[in-house]
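Please show me around this structure, one selection at a time. I have it open in a viewer and would like to know what to click on next and what I will find there.

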Amino acid sequence: MVAGELRPQIGADGSFSLFSGRFGEGFHGPIGALREARAKFVRPAQLERFPAGQSLVVVDVGFGLGTNSAALLEAAQARGLTLQIWGLELDPAPLRQALEAPGFRRQWQVGTLRLLEGLQRDGRATAPSPSGLTSRASLLWGDGRQGVGTLLDPDGAGGQALDARCDLVLLDAFSPQRCPELWTLEFLGALARLLKPDGRLLTYCCAAAVRRSLQLAGLSLASIRPPTPPEPGVGAGRQRAAWSYGTAASPGPLPADPRPDPGAEPPPLTPLSAMEMEHLATRAAEPYRDPSGQASAREILVARQRAQAASGAGSTSAWRRRWGLEGGTGQAA
Ligand SMILES: C[S@@+](CC[C@H](N)C(=O)[O-])C[C@H]1O[C@@H](n2cnc3c(N)ncnc32)[C@H](O)[C@@H]1O
């Protein structure tokens with residue numbers, strides 16, 4: 001496969017996704033793009049927290065095909081909510097390529113599709129809902145590190161800074177080893193500044209370096225609970241190894257009930273387990289650093305390896321052995 005190529009990929013749920021030759025990684029996991037968007041972003045957003053009629057400010061980092069924003073929009077509209085979405089995305093090709101695929105287009109309601117088409121054409125679009133309420137979305141094309149600076153700039157995002165104004169930040173970059181630029185202490189700190197006191201950053205990622213950096217940015221953490229019963233279409237070994245579906249982080253406390261009522265649907269967030277807490281004390285928790293905001297992926301990875309070698313933190317392989325995680329999903333990296 002050519003380095004810059006994007007190859008269509010259909011997930012276990014039949015929804016449309018892409019594989020990136022440049023990053024050597026799929027845009028979504030094997031459960032499928034739509035199911036992943038719902039399980040790792042829409043459900044942990046807990047839209048039921050908001051009264052109908054409210055407008056939520058959302059930042060979607062790594063907008064890609066727009067699957068996360070589109071799934072969130074349809075769930076929000078079903079609850080009488082509207083969204084103001086700001087998408088950060090390096091490459092216009094994934095959205096363009098997805099909109100050329102009939103299977104992708106069939107996934108969405110007409111208004112959602114019009115919004116995605118408008119974004120691809122003009123970089124901004126609106127989505128009126130049957131209730132008469134209008135959601136809006138804008139894309140900031142380019143490196144997300146500059147994009148977040150624009151959102152924090154008083155003249156940047158439609159004439160007002162989004163400091164402490166965002167209800168949700170969806171962080172769906174490629175994995176930290178492939179795209180460390182969007183997982184650094186500095187970048188996560190900037191995303192943290194966007195959040196309202198009860199706002200939430202949601203990500204599929206449960207890497208210790210990312211969780212530790214979110215803590216250092218002053219956020220409290222919860223783990224996104226994997227669904228029960230497990231998602232269909234994923235091998236049993238992989239399901240056993242999936243100890244978390246990701247991370248929620250907030251400036252305020254996160255509701256996380258460790259013991260759901262028997263028979264009731266378990267809540268989407270749960271406190272970090274003893275195993276997950278210990279993970280944050282290992283060398284894997286060494287943050288990715290990018291003080292200049294311009295470092296290359298390689299520079300960030302090399303600097304982190306050096307810092308890990310000099311660190312007095314506990315061994316991550318010993319932690320893996322202690323918790324029987326050998327041969328797992330690589331979530332602990
Ligand atoms: C895992 S995919 C996102 C999938 C997307 N959230 C969706 O629902 O379709 C990661 C995205 O991050 C984008 N990306 C990679 N490096 C970036 C950067 N430095 N700034 C902004 N976006 C970047 C990629 O082009 C890709 O679209």
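**Stop 1: two loops**

Start by selecting Gln46, which sits in the loop that runs between α1 (33-45) and β4. Keep in mind throughout that you are looking at a predicted model. The phi angle of Gln46 is near 50°, a positive value in a residue that is not glycine. Most residues other than glycine have a negative phi. Is Gln46 buried or exposed? With a relative accessibility of 13%, Gln46 counts as buried, the cut-off for that being under 20%.

Now jump to Ala164, in the loop between α6 and β8. Ala164 is not a glycine either, yet its phi is positive, at about 55°. Its relative accessibility is 42%, so Ala164 counts as partly exposed.

**Stop 2: the nine-stranded sheet**

Next, show the strands as a cartoon. Nine of them form an open sheet, in the order β6-β7-β5-β4-β8-β9-β11-β10-β12, with mixed pairing. Which strands stand at the edges? They are β6 (124-128) and β12 (269-270); each has a single partner strand, so one side of each is left without a neighbour in the sheet.

Add helix α2 (residues 67-78), which packs on this sheet and touches β4, β5, β6, β7 and β8 (166-171). The direction of α2 makes about 175° with that of β5.

Now look at how some of the strands are joined. β5 and β7 run parallel and are linked by six bridges; in this region Leu88 stands opposite Leu140 of β7. Moving on to β4 and β8, you will find parallel pairing over four bridges, with Val58 opposite Leu168 in β8. β8 also pairs with β9, again in the parallel sense, over five bridges. To see that pairing, select Cys166, which stands opposite Leu195 in β9.

While β8 is on screen, colour it by accessibility. Six of the six residues of β8 are buried, so this strand is largely enclosed by the rest of the structure.

**Stop 3: a buried threonine and an exposed proline**

Select Thr82 in strand β5. Thr82 has a relative accessible area of 8% and is therefore buried. Its side chain makes a polar contact with the side chain of Ser55, at 3.3 Å. Leaving out residues up to four places away in sequence, Thr82 touches Gln54, Ser55, Leu56, Leu133, Thr134 and Ser135.

For a contrast, go to Pro197 in strand β9 (residues 195-203). Buried or exposed? Pro197 has a relative accessibility of 62%, so it counts as exposed. Apart from neighbours within four places in sequence, Pro197 is in contact with Ser250, Pro251 and Gly252. If you would like to try the distance tool, pick the C-alpha atoms of Pro197 and Pro287: they are 24 Å apart, with these positions 90 residues apart along the chain.

**Stop 4: helix α6**

Select residues 144-152, which make up helix α6. Its buried residues are Gly144, Arg145, Gly147, Val148, Leu151 and Leu152. They cover an arc of only 160° around the axis, which puts them on the same side of α6. What covers these residues? The cover includes β4 (55-61), β5 (82-89), β7 (134-141), α7 (185-194) and α11 (297-310). Before leaving, zoom in on the start of α6, where a side-chain oxygen of Asp143 comes to within 2.8 Å of the backbone nitrogen of Arg145.

**Stop 5: the nonpolar cores**

In soluble globular proteins, nonpolar side chains tend to be buried together. Here the largest nonpolar core has 88 residues, and those with the most contacts inside it are Val59, Leu191 and Leu194. Select Val59 and show its surroundings: residues up to four places away in sequence aside, Val59 touches Trp86, Leu88, Leu151, Leu162, Cys166, Leu168, Val169, Leu170 and Leu194. A second, separate core has five residues, among them Cys206, Trp243, Trp319 and Leu325.

**Last stop: the three-stranded sheet**

Finish with the open sheet formed by three strands in the order β1-β2-β3, whose pairing is antiparallel. At its edges stand β1 (6-10) and β3 (25-26), each with a single partner strand, so one side of each has no neighbour in the sheet. Strand β2 (residues 16-20) pairs with β3 over two bridges, and Ser20 stands opposite Glu25 in β3.

Methods: Residues are numbered from 1 along each chain as its sequence is written. This is a predicted model: local features need pLDDT of at least 70, side-chain atom pairs count only at pLDDT 80 or more; totals for chains, interfaces and linings use all residues. Side-chain values use heavy atoms; hydrogens and water are left out. Buried means under 20% relative accessible area, exposed over 50%, partly exposed in between (1.4 Å probe, protein chains only). The arc is that of the directions from the helix axis to the C-beta atoms. Contact means heavy atoms within 4.5 Å. A polar contact is a pair of N or O atoms within 3.5 Å; within protein, one must be able to donate a hydrogen and the other to accept it, and residues adjacent in sequence count only if both atoms are side-chain atoms. Two strands pair if DSSP finds at least two bridges between them. Axes are lines fitted to C-alpha atoms, for helices over the stretch in contact, and angles run from 0 to 180 degrees between N-to-C directions. A nonpolar core is a set of buried Ala, Val, Leu, Ile, Met, Phe, Trp, Tyr and Cys residues joined through side-chain atoms within 4.5 Å.
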